[in-house]
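Work through the exercises below with the sequence and the model open. Try each task before you read its solution.

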Amino acid sequence: MKYWIRVIAAATILAFATVAAFAQDTLSGKYVGVAKSAGAQDAEVTLELKNEGGKISGTLMSGQTKTDISEGTVLDGKLVLKLGEAAKDGVLTAKMDGGALVGEWVAGSQRKAVELKRGDTTTAVAEAPVN
């Protein structure tokens, strides 16, 4: 009996910790990565999020296409983003996994696995010294 109480207590603490991490403004920022789907080329994705008092907003860039987040929520430890007006451009659902957002972007019948890491992937090019 004590075992089950400990298991339930641990699960409850983990669930609250996940929600608390999203509720704090640890979510805001820039995330970059790829969206992968079977039979298609990987697409570079940039997600910019703002968490203002629990209201999540921002944009998603895929290639040259910029899509606004029409609604963003955190539900059961998962980030759920509706993309475009009335979610016409799909829904991205992800969990925080070691500093990365990992999940799925579903648009119509198309599903894409998404992994986005916090930060900017652009790399600075060191200039060669001028003689």
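**Exercise 1: a residue in its surroundings**

Leaving aside neighbours within four places in sequence, Thr 67 is in contact (heavy atoms within 4.5 Å) with Gly 58, Thr 59, Leu 60, Leu 83, Gly 84 and Asp 89. Task: find the strand that holds Thr 67, and decide whether Thr 67 is buried or exposed.

Solution. Step 1: Thr 67 is placed in strand β4, residues 65–75. Strands here are DSSP runs of E with at least two residues, helices are runs of H or I with at least four, and both are numbered from the N terminus. Step 2: the relative accessibility of Thr 67 is 9%, so Thr 67 counts as buried. The cut-offs are under 20% relative accessible area for buried, over 50% for exposed and partly exposed in between, with a 1.4 Å probe and protein chains only.

**Exercise 2: how far to trust the model**

Task: state the average pLDDT of the protein, then locate stretches where pLDDT is under 50.

Solution. Step 1: this is a predicted model, in which local features need pLDDT of at least 70, side-chain atom pairs count only at pLDDT 80 or more, and totals for chains, interfaces and linings use all residues. Residues are numbered from 1 along each chain as its sequence is written, and side-chain values use heavy atoms, with hydrogens and water left out. Step 2: pLDDT is the predictor's confidence in each residue, from 0 to 100. The protein averages 80, and 75% of the residues score at least 70. Step 3: over residues 15–23 the pLDDT is below 50, yet the model gives this stretch 12 contacts beyond near neighbours in sequence. Step 4: residues 121–131 also stay under 50, with 1 contact beyond four places in sequence.

**Exercise 3: elements and pairing**

Task: list the elements in order, then trace the pairing from β4 to β7.

Solution. Step 1: the protein has 1 helix and 8 strands. From the N terminus the order is α-β-β-β-β-β-β-β-β. Step 2: β4 and β5 run antiparallel, joined by 6 bridges. Two strands pair if DSSP finds at least two bridges between them. Leu 75 stands opposite Lys 78 in β5. This hairpin has 2 residues between its strands, and Asp 76 in the turn has a positive phi of about 55°. Step 3: β5 (residues 78–83) pairs with β6 (residues 91–97) in the antiparallel sense over 4 bridges. Val 80 has Thr 93 in β6 as its bridge partner. Lys 82 stands opposite Val 91 in β6. Step 4: β6 and β7 (residues 100–107) pair antiparallel over 7 bridges. Here Met 96 faces Leu 101 in β7. The β6–β7 hairpin also has 2 residues between the strands, and Gly 98 takes a positive phi near 60°.

**Exercise 4: the core and a ring**

Task: which residues touch the most other members of the largest nonpolar core? What lies over the face of Trp 105?

Solution. Step 1: a nonpolar core is a set of buried Ala, Val, Leu, Ile, Met, Phe, Trp, Tyr and Cys residues joined through side-chain atoms within 4.5 Å. The largest one has 18 residues, and Leu 47, Leu 49, Leu 81, Leu 92, Leu 101 and Trp 105 touch the most other members. Step 2: β1 (29–36), β2 (43–52), β3 (55–62), β5, β6, β7 and β8 (110–118) each supply at least two residues of this core. Step 3: beyond four places in sequence, the contacts of Leu 92 include Leu 60, Leu 81, Trp 105 and Val 114. Step 4: Lys 112 lies over the face of Trp 105, at 4.6 Å from the ring centre. The test asks for NZ of Lys or CZ of Arg within 6 Å of the ring centre and within 35 degrees of the ring normal.

**Exercise 5: β1 and β8**

Task: describe the surroundings of Gly 29 and Arg 118.

Solution. Step 1: Gly 29 is in β1, and Arg 118 is in β8. Step 2: Gly 29 is partly exposed, because its relative accessible area is 26%. Arg 118, at 42%, is partly exposed. Step 3: beyond four places in sequence, Gly 29 touches Leu 47, Glu 48, Leu 49 and Arg 118. Arg 118 has contacts including Ser 28, Tyr 31 and Gly 99. Step 4: Gly 29 and Gly 119 are 90 residues apart in sequence and 7.5 Å apart in space, C-alpha to C-alpha.
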